[in-house]
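Here are my notes for a colleague who has not seen this structure before. Please read them with the structure open.

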Amino acid sequence: MNAADWEWVLGIPVLVPFVGAALTLLLAGRHTAQRIVSFAALGIVLLDAALIVRLSLDGPVTLDVGGWSAPVGITLVADRLSALMLLVSVFVTLCVLVYSATQDLGETMKLPLAVYQPTFLVLSAGVSNAFLTGDLFNLYVGFEILLVASFVLITLGGTRDRMRSGAVYVVVSLVSSVVFLVALAAVYAATGTVNMAQLAIRLPQIDPGAAHVIQVLLLVAFGVKAAVFPLSAWLPDSYPTAPAPVTAVFAGLLTKVGIYAIIRTQTLLFPDSELNGALLLVGLATMVVGILGAVAQNDIKRLLSFTLVSHIGFMLWGVGIGSDAGLAAAIFYTAHHIIVQTALFLVSGLMERVGGSTSLVKLGGLLRTWPLLAALYLIPALNLGGVPPLSGFVAKTGLIRASALAGGALDWTLVAGGLVTSLLTLYALLRAWNMAFWQPSSEHVDRPRVPATMTGSTAALVAASLALTVFAGPIYRYADEASRELSGLSAYVLAVLPDAERGTGESHTETEDGASAMPTPEAVAPLPTPTQEAGPR
């Protein structure tokens, strides 16, 4: 399969959801037709994402949007990391959309369904754009697209709690966006470009102090979006007030876009970062503080929100190690966590529907009412806690192995922190299982009718987490290859800028006499050699 003949498929994950959103807006009031369009759009994107994963196996694939070559035009890039994140995110988004399709959100939660479907598709387009973009400004655009969609989704229904949490979410997101814009201005002022491949060449040539300022600004902006400690206080108060499918897709995807941005910029723009030690400390604090918050909760949604924050720390741990082994573990952990955390939030929605509350004090006896629901909760809960041989255990073993190979005092401290966090995660989640499913209910509860799509989509995500365990070997090897690809800058840079300065589009440069001409490879500096790239990280 020649990747050059298939580069156009990179535009589909962004374009098709936007077209679907426009169609669903035109079909406002015809809910069945809206659902069909939404399913069709995300189904096409899911098949396309699987094709992109296949293409990325032969190296990064690029698309110069509109024929404008990089760095002038917008470039979409799919390497192993972005292709994996794209496939997992679209699968999760489709499952959540199926979950909400027959949930009568309009009647039970007073949601304007005419807005829900198109907003959901716009959110998917923003996430896909963030994963595929090849320049920082388009990454900013992707963030803004998904944030605008998330503003709408988190305040749907207009209840007091949702408006309050939405206001907090808006303020925090705007602050993050301002920091990102300042970073973009600094990047362009220092290097004259925002194309990430070109930045990989130019950033090592600028003043190291200026590069550190840019790196810190980017880490702060992405850290807020990923909800790392101490920038995570907004999340446990914002997510639980939204309906279960909205909370689930937020928990599964939005924080991971921030983690993806951290991985991409740290490996591509700052490969020999001196801030890896700081990332390890932040990761440790995020793990411990987050799980201590989870242990203190008696509401299942707030408990899961705190575990979400805590386990972001595991991904930072892998990035902070700075080795191929650490990156591979972080990539595998991110894919595993998207699926498992989304499944747990969907289960919490089923618990609320059956038990009438998300309070663990009020819930009880759900094991007798619905044994299947108890299993759907228990499997991802054990997985998140890292019980062998589930995928969470595989991911955490990879992190511990990478830290052991690094061998520093801070690395062993992270190992201890990770083990304690895993035990506290198990304690918090099993305590919740005991209160909601095992302890007897104070009153008789009749199981309400639950649409098969809600149960089926939740079961599909739980099955996907089990598949991640069964096929952990090849998937971990894929993550390992992705980490090696990230470490070797030349593959990404040459895919975007074949002659180190221009892409393969049709845009031209202007010569002094006004004529149009393509640059010559001899006029540009050579790329780093593989030997140079293999130096100390």
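1. Met351. Leaving out residues up to four places away in sequence, Met351 touches Ile300, Gly356, Ser357, Leu363, Leu366, Leu373, Tyr377, Ala436 and Phe437. Please keep in mind throughout that this is a predicted model.

2. The nonpolar core. Met351 is listed among the residues with the most contacts inside the largest nonpolar core, together with Leu136, Phe180, Phe250, Trp317, Tyr377 and Phe437. This core has 174 residues. Its largest share comes from helix 14 (residues 324–355), which supplies 20 residues. In soluble globular proteins, nonpolar side chains tend to be buried together.

3. The chain as a whole. The protein chain has 537 residues, and 59% of them count as buried. Its secondary structure comes to 22 helices and 4 strands. Among contacts with a separation of 6 or more, 81% are between residues 24 or more positions apart. The exposed area is about 19800 Å², with carbon and sulfur atoms supplying 67% of it.

4. His336. This residue is found in helix 14. Is His336 buried or exposed? With a relative accessible area of 0%, His336 is buried, because the cut-off for that class is under 20%. Apart from neighbours within four places in sequence, His336 is in contact with Asn383, Ser391, Gly392 and Leu468. Ser465 is 129 residues from His336 in sequence, yet the two are 6.9 Å apart in space, C-alpha to C-alpha.

5. Ser422, Phe314 and Lys396. Ser422 lies in helix 18 (residues 409–438) and counts as buried, at 9% relative accessibility. Neighbours within four places in sequence aside, Ser422 is in contact with Phe314, Gly385 and Lys396. Two of these partners also meet each other: the charged end of Lys396 sits over the ring of Phe314, 5.0 Å from its centre.

6. A second charge over a ring. Arg80 lies over the face of Tyr478, at 5.5 Å from the ring centre.

7. Aromatic pairs. The structure holds 17 aromatic pairs. In one of them, the ring centres of Trp6 and Trp8 are 5.9 Å apart and the planes are at 25 degrees, so this pair is stacked. Trp6 is partly exposed, with a relative accessible area of 31%. Tyr140 and Phe180 form an edge-to-face pair, 5.6 Å centre to centre with 75 degrees between the planes. That pair links distant parts of the chain: Tyr140 is in helix 6 (residues 136–154) and Phe180 in helix 7 (residues 160–191), 40 residues apart.

8. The cluster around that pair. Both Tyr140 and Phe180 are buried. They belong to one aromatic cluster with Phe137, Phe143 and Phe222. Phe180 also appears in the list of residues with the most contacts inside the largest nonpolar core.

9. Helix 2. How many residues does helix 2 have, and how far does the helix reach? Helix 2 (residues 31–56) has 26 residues and reaches 37 Å from first C-alpha to last, close to the 38 Å expected at 1.5 Å a residue. Its buried residues include Val37, Ala41, Leu42, Val45, Ala49, Ile52, Val53 and Leu55. Gln34, Ser38, Asp48 and Ser56 are also among the buried residues of helix 2.

Methods. Residues are numbered from 1 along each chain as its sequence is written. This is a predicted model: local features need pLDDT of at least 70, side-chain atom pairs count only at pLDDT 80 or more; totals for chains, interfaces and linings use all residues. Side-chain values use heavy atoms; hydrogens and water are left out. Helices (H or I, at least four residues) and strands (E, at least two) are DSSP runs, numbered from the N terminus. Buried means under 20% relative accessible area, exposed over 50%, partly exposed in between (1.4 Å probe, protein chains only). Contact means heavy atoms within 4.5 Å. Accessible areas come from the Shrake-Rupley method with a 1.4 Å probe; for residues, only the protein chains shown count as cover. Rings of Phe, Tyr and Trp (its six-membered ring) pair if their centres lie within 6.5 Å; planes under 30 degrees apart count as stacked, over 60 as edge-to-face and the rest as tilted. A charge sits over a ring if NZ of Lys or CZ of Arg is within 6 Å of the ring centre and within 35 degrees of the ring normal. A nonpolar core is a set of buried Ala, Val, Leu, Ile, Met, Phe, Trp, Tyr and Cys residues joined through side-chain atoms within 4.5 Å. The expected span of a helix is 1.5 Å times one less than its number of residues.
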